[in-house]
Amino acid sequence: MRKKSVTVIGLGPMGRAMATAFLDSGHPVTVWNRTRSRADGLVAKGAVLADDPAGAVSAGEIVVLSLTDYDAMYAILGPATGALTGKTLVNLSSDTPDKAREAAAWAAGHGAYYLTGGVQAAPDGIGKEESFTFYSGPKSVFESSREVLEVLTRTDYRGEDPGLAALYYQLQLGVFWTASVAFLHALAVADAHGIKAAELVPYLSDTMATMPDFFGFYGPRIDAGEHPGDVDRLSMGVVSVDHVVRTSEDVGVDASLVAAVLAVFERGIAAGHAEDSFTSLIETFRKPGS
Ligand code: NDP
């Protein structure tokens with residue numbers, strides 16, 4: 001069966017991995033990148049390096065963007081809007097949901113079909129069965145592009161709103177980055193006691209492995225708007241977090257991350273939730289001024 005032609009614009013580690021996956025699966029691939037030398041390895045494998053963005057867009061039935069952010073897309077495609085009519089743009093660059101919605105309207109205004117994607121994999125996960133990508137935008141556009149996109153990762157279509165894929169992506173990253181910085185903070189405190197990462201990592205990993213059960217238990221209660229203090233109470237939690245802050249301060253390690261967590265707990269107490277579960281803190285997030 002004829003394979004659709006694909007263009008990949010943006011050849012950082014992610015874009016190069018994507019272009020390689022398309023080449024390996026037999027798609028005709030055109031690439032373009034601001035720094036042209038990044039295309040060398042792909043051209044050696046059979047990709048065509050377009051002279052300019054308009055040529056790159058014209059060459060592909062599906063145009064995949066893998067750029068630092070959406071501003072890079074406007075910088076590249078702004079001068080090439082004449083080539084967009086009838087093309088399917090799949091923007092796999094990360095940015096905010098609002099930026100994704102604006103971009104979808106911009107692309108539609110130039111006659112293009114548009115999907116947003118949020119890739120849940122590192123470059124070495126491209127082409128691997130365990131990897132997936134959130135997509136959103138018109139269902140018909142997703143369905144007609146799906147087979148090509150599944151060359152990269154499995155797909156998880158979230159809905160018509162083009163902001164949804166970006167939203168799901170950012171929600172994962174919010175948890176990922178705060179947990180990753182908490183990881184570094186714990187290692188700094190441990191190091192101040194002469195304990196190396198290699199010794200602590202197995203224990204931190206065990207703690208993280210409990211999180212799915214934790215989320216699974218509290219999620220339905222949060223959806224129901226119920227925060228009973230039958231399992232945990234905020235008054236207990238605030239003392240516990242204070243111990244974490246002081247353990248950090250006692251060895252001169254920057255406690256700003258855990259102090260921020262303590263401040264959220266204290267706001268919950270001030271709002272009258274001392275006898276409720278820590279999940280009541282979701283109300284303090286919803287009312288940041290209170
Ligand atoms: P890089 O930052 O390494 O590459 C970004 C690409 O954007 C490069 O091709 C760069 O061109 C181009 N670019 C940036 N700004 C401009 C501009 N103003 N004009 C023209 N081109 C520009 O990113 P990655 O390849 O690592 O990632 C790409 C996207 O995928 C990002 O949005 C990232 O958040 C997302 N992602 C990345 C993951 C990862 O692990 N790497 C994981 C999941 C998602 P040049 O080469 O000339 O600098």
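Okay, let's start right at the ligand: a backbone N or O atom of Gly 12 lies 3.4 Å from one of the ligand's oxygen atoms. Before I go on, keep in mind that this is a predicted model.

So what else is around that ligand? Asn 33 uses its side chain: an N or O atom there is 2.6 Å from a ligand oxygen. Ser 94 works through its backbone instead, with a polar atom 2.8 Å from an oxygen of the ligand. Overall, the protein covers 74% of the 890 Å² of accessible area that the ligand has on its own.

Where does the ligand sit? You'll find it in the second largest pocket. Two elements give two or more residues to the shell around it, namely helix H1, residues 13-24, and helix H4, residues 70-77.

If you want to click through that shell yourselves, there are 22 residues around the ligand. The ones that come nearest are Asn 33, Thr 35, Arg 38, Leu 67 and Ser 94. Asn 33 and Ser 94 you've already met, through their polar atoms.

Now let's move over to Thr 30. This residue belongs to strand S2, which runs over residues 29-32. Is Thr 30 buried or exposed? Its relative accessible area is 9%, and anything under 20% counts as buried, so Thr 30 is buried.

And who are its contacts? Leaving out residues up to four places away in sequence, Thr 30 touches Val 6, Thr 7 and Val 8, then Val 48 and Ala 50, and finally Ala 56 and Ala 59.

That's my tour, thanks!

Methods. Residues numbered from 1 in each chain as written. Predicted model: local features only at pLDDT ≥ 70, side-chain atom pairs only at ≥ 80, totals over all residues. Heavy atoms only, no water. Helix = DSSP H or I, 4+ residues; strand = E, 2+ residues; numbered from the N terminus. Buried < 20%, exposed > 50% of the residue type's maximum accessible area, 1.4 Å probe, protein only. Contact = heavy atoms within 4.5 Å. Near = heavy atom within 4 Å. Polar contact = N/O pair within 3.5 Å; in protein donor to acceptor, adjacent residues only side chain to side chain. Areas by Shrake-Rupley, 256 points an atom, 1.4 Å probe, with all protein chains shown as cover. 1 Å grid on protein atoms, 1.4 Å probe; cavity = no way out; pocket = protein on both sides within 12 Å on 5 of 7 lines; lining within 4 Å. Sits in = over half its atoms within 2 Å of the grid points.
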